[in-house]
Amino acid sequence: MKAMSPLLLLIEDDPQFQRLLSTTLETQNYRVLGFTSGQEGLIAARNSQPSLVILDLGLPDIDGQEVIRRLRKWSEVPVIVLSARDQESEITQALDNGADDYLTKPFSTAVLASRIKALLRRVAKVPGGAQEIFQVGELKIELTRRRVFVGTQEVSLTPIEFNLLCVLVRHAGFVVTHRQLLEKVWGPSHIEHSHYLRIYMGQLRHKLEADPARPRYLLTEAGVGYRLYEGEN
Amino acid sequence: MNKLGSGFYFPGHDKEHILRHTAESPYNPVIVQRTDHRYRHLLGGIVIPLLLTLMDWPFREILTSSNILMFYLLGVFFVAIRFGFWPSILASLTNAAAFAYFFAPPIFSFAITDPENLVGLAVTMVVGTVTSKLAENVRRQALVAEHRERRASSLYRLSKALAEAHLETEIIEIGVRHIHAEFGGRNTFLFPDRNGALCYPDAVPLEISLRGADLDVARRAFKHGQTAGNETDTLSGETTLYIPLNGSTGTIGVLALEPSDLRQIFLPEQRQLLDTYVNQIVHTLERANAAEQAKEATLKMQAETLRNSLLSSISHDLRNPLATIIGAACTLEMDEDRLDEGSRRKLVAVISEESQRMSDLTIKILEMARLEAGEVVLNRQWYAPEEIIGSALRRLDKKLANRQVNIQMANNLALIHIDAVLLQQVMVNLLDNADKYSPAGLPIDISVQTTPLGLSITVADRGPGIPEGLQHKVFDKFFRVNAESAQSGVGLGLSICRAIVEAHGGDIQATNRSGGGALLQLHLPIQDYPPIVDPEEKEPIL
């Protein structure tokens, strides 16, 4: 198994862009299966069991959102969506539908490569069970003992602040949408109460960041959600 | 003289008289007095002669009969002038009776024995009647003149008010108010909407506006260009008139009028006045529309000019990097073997940089086009300004790596209702500009203030600043302070900022700061107060 390089499924309708991505990814030692329509992509996902799916949201036959929904009915395969700029609502919807990460066009292939790597690493890690300690830079979080340190200094958090941080830690390196955070921390009844999230995120930053106006760990993805910095790969 | 038509209606508060033609004298109005006034006036025709009789009585030995008759005649004049024709006739008769009874021998009898007295009395009565008639004519002419003057001045007031109005809503309001003042009751103007169906105007109705007009009847009037509704003064249930507004190019709308007295509207004189009112209002509306159309044409022309400058700007700004990219790529493709490693790297770097620049330009152009097209609907959410600044700074992380950015922020966790993505774009553009137009190494200062009134953000650099007189021009599309410089940019960054800030109901200004450098300040008003957040039990976890 280990000798086999990971198989990536690429669903992208622009042939030139597909050629570029295939070439780039193949040089990085991935196997790439490319399709230009959602239908073909879904069939291939079922037949060839890829390690990861890269999906363009604007497809000629089925809506990209629909592809994610159908895929998620039977598969947990990581999905990265590609979207044109300025479509935050599209991106948010894709993430809420079950996509794991997103990139807006134009993007650098280096960023794509690092996102793919991070997702594959996360998938590999999951069977090992819950993580005990999360550490990045000065920030150290002991999940089961519910303790948080900045440097050597312990920081006291309220239960909600800690729960919020926990959700982000579980998805460290990946964006978590406002909706997902609100649902996981406050419950389904608070999905529309995004102001709760802003206030607690502000409080967390003031407790954990050296300069809350230029955060290093708790990063805002405007219009989409939050991402906990995981460190350079 | 008598183009006055066949009837008069005296408007205003003292609707004392109605002049109306009778069948016998079509051009000779007769005063018809309101009943209560008529009795009072007739009473005057009896009381004045009796008073004169009382005054003359003590002097009956001194005065001759002709003297007494003269006094009576004076009384008749007075009554004619004060109360009108019929009271003066009554006064003449009362005089005759009183004279015969009290003064002409035999006294205390209606008999008159002296033929001189009989002749005197007869002459007095004739003279009295004739002069009464003359006085009455004078009196009526005065009334007619007064009425005409009132009509003329009401028309004058209307046209004066209309002359000062420019907007359709103003004109309609003036029309509604003046028609109400002149004809009483309630009225409103109905105009066709985009689909040609009549509807109420958009403006907030006045307290005197008519509501509940019958739109079907109004549409009939509109379609045929003829008055509809209660078309005669018969007493049908319908009390509203629908008068088409006939302009030079067709019917432009309908006046729905429910006058305080429907019968009076049907007096030709009144109808004529109403028609004059309507014509004046229609002409003013047409004039305003023509002005509006001229303005639209000018705007269209300006948009055309702008589009041309957009095209020339885009073609210049996109062609150059494209030429570079194509050239570099071709060289790489054709002369692959002859290029050494260093040259190859250089060419690849050029392609990468230029395409990045093109990407930035394209994004800006598309963003501006999107904002211009009015397609952008603000997705307002509650955000702390600190977060917006933070995410904007992170997007510029690489660019600002070697620059000191000072942030001054008060009340930094207050929430404000804004479109975070767009406001982040504003911050990115402002910071990018500050970076682009100030020498490397000099600091950029950001200050953020949230007050109950609004959010103020300033971004200031220590560059050369903006030349005097150009401070408001920097927000114009495709304007660049130094158009010839190689500084990349289409001159859209600040235009985008302004469009976004204005979409939020705010404003943005550029000034120079003391000590040198440009200072851009935006202000967003607070429109809603943040929702309340239930406090969390405060015990910290350990």
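This is a chat about a predicted model with chains A and B.

Visitor: Hi! Let's start with chain A. Which strands make up the five-strand open sheet, and in what order?
Guide: Hello! The order in chain A is E2-E1-E3-E4-E5, and the pairing is parallel.

Visitor: Which strands sit at the edges of that one?
Guide: Those are strand E2 (31-35) and strand E5 (101-104) of chain A, and each pairs on one side only. On average, neighbouring strands of this sheet are turned by 20 degrees against each other, direction ignored.

Visitor: What holds strands in a sheet together, in general?
Guide: Strands of a sheet pair through backbone hydrogen bonds, either parallel or antiparallel.

Visitor: Back to this sheet, then. How many bridges link strand E1 and E2 of chain A?
Guide: Strand E1 (residues 7-11) of chain A and E2(A) pair over five bridges, in the parallel sense. To find the pair on your screen, look for A:Ile11, which stands opposite A:Phe35 in E2(A).

Visitor: And which strands does helix H5 of chain A lie across?
Guide: Helix H5 (residues 109-125) of chain A lies across strand E3 (52-56), strand E4 (79-83) and E5 of chain A. Its direction is at about 175 degrees to E5(A).

Visitor: Now the three-strand sheet in chain A. Is the pairing parallel or antiparallel?
Guide: Antiparallel this time: three strands form an open sheet in the order E10-E12-E11 of chain A. Strand E10 (175-177) and strand E11 (218-221) of chain A each have a single partner strand, so one side of each is left without a neighbour in the sheet. Here the average turn between neighbouring strands is 30 degrees, direction ignored.

Visitor: What do E11 and E12 of chain A form, and how many residues lie between them?
Guide: E11(A) and E12(A) form a hairpin with three residues between them. In the turn, A:Gly223 has a positive phi of about 80 degrees. E11(A) pairs with strand E12 (residues 225-228) of chain A in the antiparallel sense over four bridges. Along the hairpin, A:Glu221 stands opposite A:Gly225, and A:Leu218 stands opposite A:Leu228.

Visitor: Where does helix H7 of chain A lie?
Guide: H7(A) lies across E10 and E12 of chain A, at about 70 degrees to E10(A). Helix H7 (residues 178-185) also meets helix H8 (residues 194-208) of chain A: their axes come within 10 Å and cross at roughly 85 degrees. That crossing makes H7(A) roughly perpendicular to H8(A).

Visitor: Which residues make that contact?
Guide: H7(A) brings A:His178, A:Leu181 and A:Leu182, while H8(A) brings A:Ser194, A:Tyr196 and A:Leu197. By class, the contact has four nonpolar, two polar and no charged residues.

Visitor: Switching to chain B. How many helices and strands are there?
Guide: Chain B has twelve helices and 15 strands. Of its 542 residues, 31% count as buried.

Visitor: How many of its residues touch chain A?
Guide: 26 residues of chain B are in contact with 24 residues of chain A. On the chain B side, the largest share comes from H10(B), with seven residues. By class, that side has 17 nonpolar, five polar and four charged residues.

Visitor: What about the largest nonpolar core? How many residues are in it?
Guide: It has 105 residues, and among those with the most contacts inside it are A:Val53, A:Leu55, B:Val426 and B:Met427. H11(B) gives the largest share of this core, ten residues. Leaving aside neighbours within four places in sequence, B:Met427 is in contact with B:Ile388, B:Ile389 and B:Ala392. A second, separate core has 33 residues, including B:Leu162 and B:Val176.

Visitor: Last one! Where is B:Arg462?
Guide: B:Arg462 is in the loop between strand E13 (454-460) and helix H12 (493-503) of chain B.

Visitor: Why does B:Arg462 count as partly exposed?
Guide: Because B:Arg462 has 18 other C-beta atoms within 10 Å, and a residue is buried at 20 or more and exposed at 12 or fewer. Not counting residues up to four places away in sequence, B:Arg462 touches B:Ser438, B:Leu442, B:Pro443, B:Gly516 and B:Gly517. Its C-alpha atom is separated by 8.0 Å from that of B:Gly515, 53 residues apart along the chain.

Key: Residues are numbered from 1 along each chain as its sequence is written. Chains are lettered from A and ligands numbered from 1 in the order in which they are written. This is a predicted model: local features need pLDDT of at least 70, side-chain atom pairs count only at pLDDT 80 or more; totals for chains, interfaces and linings use all residues. Axes are lines fitted to C-alpha atoms, for helices over the stretch in contact, and angles run from 0 to 180 degrees between N-to-C directions. Helices (H or I, at least four residues) and strands (E, at least two) are DSSP runs, numbered from the N terminus. Angles under 35 degrees count as roughly parallel, over 145 as roughly antiparallel, 65 to 115 as roughly perpendicular and the rest as oblique. Two residues are in contact if their C-beta atoms, placed from the backbone, lie within 7 Å. Ala, Val, Leu, Ile, Met, Phe, Trp, Tyr, Cys and Pro count as nonpolar, Asp, Glu, Lys and Arg as charged, and the others, Gly among them, as polar. Two strands pair if DSSP finds at least two bridges between them. A nonpolar core is a set of buried Ala, Val, Leu, Ile, Met, Phe, Trp, Tyr and Cys residues joined through C-beta atoms within 7 Å.
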